[in-house]
Amino acid sequence: SGRQLPPYFLLLQCDSKENFLFHRRSDVLMMTPWFAPIVWEGTYNSEILNEQFRRRNVTVGLTVFAIKKYTVFLNKFLETAETYFMVGHRVNYYIFTDRPEEVPKVPLKEGRNVVVLQVQNYPRWQEISMRRMELINSFSQQRFINEVSYLVCVDVDMRFNDQVGVEILSNLFGTLHPHFYAAERQSFTYERRPASQAYVPRDEGDFYYAGGFFGGTVMEVYKLTKKCHEAMMVDKAKGIEAIWQDESYLNKYFVYYKPTKILSPEYLWDDDLGRPEILKKIRFLALPKNHAAIRNK
Ligand code: UDP
Ligand code: MN
């Protein structure tokens, strides 16, 4: 008879869905060349992960901006977050707004809080979007560091549509942009003007990340937002604004400070792109909006 294999090997060989070590997909990239997992449905075990994070009694901060007319998105955003975001864990919603009176009172489950942070607005939507980096940065130092372990920073014109749990958490994470997850480097819409701080040369860059979903530990988000805000200020002084605003600076950052985990486009989807077979879950979904009507005034 042959050599005896250790039980662990037998488990790896066993091709059964019931096997707790069988979590893999052959149709998607599951890991980057720098050993960061890429999170797709079917590649992880949420029972194991939930237990690990519950044991640490982790609190997660979800930052969202609702400036001017964007307060209309808050109700659906918060309601669906209560159903799908970090269920069973402690959550602080940090809502940055210039209209605190328009923040809806949404019933919250135990261990979950809404914190309204009043901030100024800016006339241009581009500036509102970009200033998020500055504000997340300054509140990280003043407040978030004392209240939460991780920050998740997202757009508000969205609804949760399926589970978004602790599988996303890591030191530093970004999300594959739904338009580019299957695209080649040449087509990524990085800032291509060398004069900009967001410039990425043609032969660099791994993925194109979405501006609307990133995060990490408070310390890592502090460092990311500091670098991005400083880069924006250097550009601003020269009269430059990167092609996709904050998303461009975020993409530049991730070229040189690589994320330790990457979220698949399940975590930021847009139904304009249909629903390809590769998506087993659509967890966070862009809402259609009338840009002209909502971005001004
Ligand atoms: N935003 C806001 N008020 C504005 C414009 C933007 O609160 O007038 C915030 C909001 O959180 C929004 C984010 O900035 O989700 C990014 O802008 P937007 O969603 O319009 O960009 P898009 O996803 O269309 O690129
Ligand atoms: Mn958006």
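Does D155 count as buried, partly exposed or exposed, and at what relative accessibility? In this predicted model, D155 has a relative accessibility of 22% and is therefore classed as partly exposed, since the buried class ends under 20%. D157 has a value of 7% and so counts as buried. Both residues serve as protein donors of the manganese ion, ligand 2. D155 contributes an OD atom, and D157 is listed with OD twice. These donors lie 2.1 to 2.5 Å from the ion.

D155 and D157 also take part in the surroundings of ligand 1. Around ligand 1 there are 13 residues, of which F65, I67, Y70, D157 and K289 come nearest. A polar side-chain atom of D155 is found 3.1 Å from an oxygen atom of ligand 1. For R295, a polar side-chain atom lies 3.0 Å from an oxygen atom of this ligand. I67 approaches with its backbone: an N or O atom of I67 is 2.7 Å from an oxygen atom of ligand 1. On its own, ligand 1 has 520 Å² of accessible area, and the protein covers 85% of this area.

The strands form an open sheet of eight members with mixed pairing, in the order β1-β9-β7-β8-β5-β2-β3-β4. β1 (38-39) and β4 are the edge strands, each pairing on one side only. β1 runs parallel to β9 (residues 261-263), and two bridges join these strands. Within this pair, V39 stands opposite L263.

Strand β2 is joined to β3 by eight bridges, and the two run parallel. Residue T59 of β2 faces R90 in β3. In a regular strand, side chains alternate between the two faces of the sheet. In β2 both faces are covered: T59, G61, T63 and F65 are buried on one side, and V60, L62, V64 and A66 are buried on the other. Because eight of the eight residues of β2 are buried, the strand is largely enclosed by the rest of the structure.

V60 gives a closer view of this strand. Its relative accessibility is 1%, so V60 counts as buried. Leaving aside residues up to four places away in sequence, V60 touches F85, M86, R90, V91, N92, V148, Y150, V152 and L169. The C-alpha atoms of V60 and V115 are 13 Å apart, although 55 residues separate the two along the chain.

Helix α3 spans residues 74-84, and its buried residues are L74, F77, L78, T80, A81 and E82. An α-helix has 3.6 residues a turn, so residues three or four places apart point the same way. The cover over the buried residues of α3 includes β2 (59-66), β3 (90-97), β4 (112-118), β5 (150-154), β6 (158-160) and β10 (284-286). After α3 comes M86, which has a positive phi near 50°. M86 is also among the residues that V60 touches.

A further buried position is found outside the strands and helices described so far. E191 belongs to the loop between β7 (172-175) and β8 (213-217). With a relative accessibility of 2%, E191 counts as buried. The side chains of E191 and R193 are joined by a polar contact of 2.8 Å. When residues up to four places away in sequence are not counted, E191 touches S196, A198, Y199, V200, E241, A242, I243 and S248.

Notes
Residues numbered from 1 in each chain as written. Chains lettered and ligands numbered in written order. Predicted model: local features only at pLDDT ≥ 70, side-chain atom pairs only at ≥ 80, totals over all residues. Heavy atoms only, no water. Donors = N, O, S within 2.8 Å, 3.2 Å for Na, K, Ca; no water. Buried < 20%, exposed > 50% of the residue type's maximum accessible area, 1.4 Å probe, protein only. Helix = DSSP H or I, 4+ residues; strand = E, 2+ residues; numbered from the N terminus. Contact = heavy atoms within 4.5 Å. Near = heavy atom within 4 Å. Polar contact = N/O pair within 3.5 Å; in protein donor to acceptor, adjacent residues only side chain to side chain. Areas by Shrake-Rupley, 256 points an atom, 1.4 Å probe, with all protein chains shown as cover. Pairing = 2+ DSSP bridges.
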